[in-house]
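Here are a few friendly notes to read with the model open beside you. I have kept them to the fold and its core.

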Amino acid sequence: MRMATAGIGAMATWLVAGATIAVAQSPAEQRGLTYVRTHCARCHSVDKVTDSPLKIAPPFRTLHLRYPVESLEEALGEGIVTGHPSMPEFRLDPGQVGDVISYLKSLER
Ligand code: HEC
């Protein structure tokens, strides 16, 4: 019973995410999107169209214009602090780093 309920919840989340953000398609991109929505979206725009809620935080879709997003791998894994005076430090595990990079790359399409 518990299991069945959790399954339906996960399914509903997946359906909603799939319907609103058509760009995130692979499982890694989906997980990356979920992560950045939870941890980054209150400051950064994480989609293809909106402005960042915090004006000085660059929308994620613009990052690749300044450097390849792969170059963030180390910063995300070791704790991204540089250039974030008003932001809590994030340290992602290797799986999360891969997911977030995949999602950032999906924004370049
Ligand atoms: C509390 C607000 C806040 C949150 C939450 C936040 N950021 Fe930021 N972020 C900022 C601000 C402000 C800047 C711009 C800092 C600057 O230009 O000095 C920034 C800049 C960045 C940059 C650009 C750094 C550079 O020098 O090019 C990256 C990459 C970034 N954030 C990633 C993330 C990720 C990934 C998350 C979620 C895990 C996140 N941020 C969550 C506020 C935030």
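The points below go from the overall fold to one helix and its core.

1. This is a predicted model, in which local features need pLDDT of at least 70, side-chain atom pairs count only at pLDDT 80 or more, and totals for chains, interfaces and linings use all residues. Residues are numbered from 1 along each chain as its sequence is written.

2. The chain has 5 helices and 0 strands, with helices (H or I, at least four residues) and strands (E, at least two) taken as DSSP runs numbered from the N terminus. The order of elements is α-α-α-α-α.

3. Of the 109 residues, 20% are buried. Buried is used here for 20 or more other C-beta atoms within 10 Å of a residue's own, with C-beta atoms placed from the backbone.

4. Contacts are counted when C-beta atoms, placed from the backbone, lie within 7 Å. Among contacts with a separation of 6 or more, 51% join residues 24 or more positions apart.

5. The largest nonpolar core (buried Ala, Val, Leu, Ile, Met, Phe, Trp, Tyr and Cys residues joined through C-beta atoms within 7 Å) has 13 residues. Val36, Phe60, Val97, Val100, Tyr103 and Leu104 have the most contacts inside it. Helix 2 (27-39) and helix 5 (94-106) each give two or more residues to this core, and helix 5 supplies the largest share, 5 residues.

6. Do look at helix 5, where the buried residues include Val97, Asp99, Val100 and Ser106. Their cover includes helix 2, helix 3 (63-66) and helix 4 (73-78). Beyond its neighbours within four places in sequence, Val100 is in contact with Gly32, Tyr35, Val36, Leu76 and Leu92.

Note on methods:
Buried ≥ 20, exposed ≤ 12 C-beta atoms within 10 Å, placed from the backbone. Contact = placed C-beta atoms within 7 Å.
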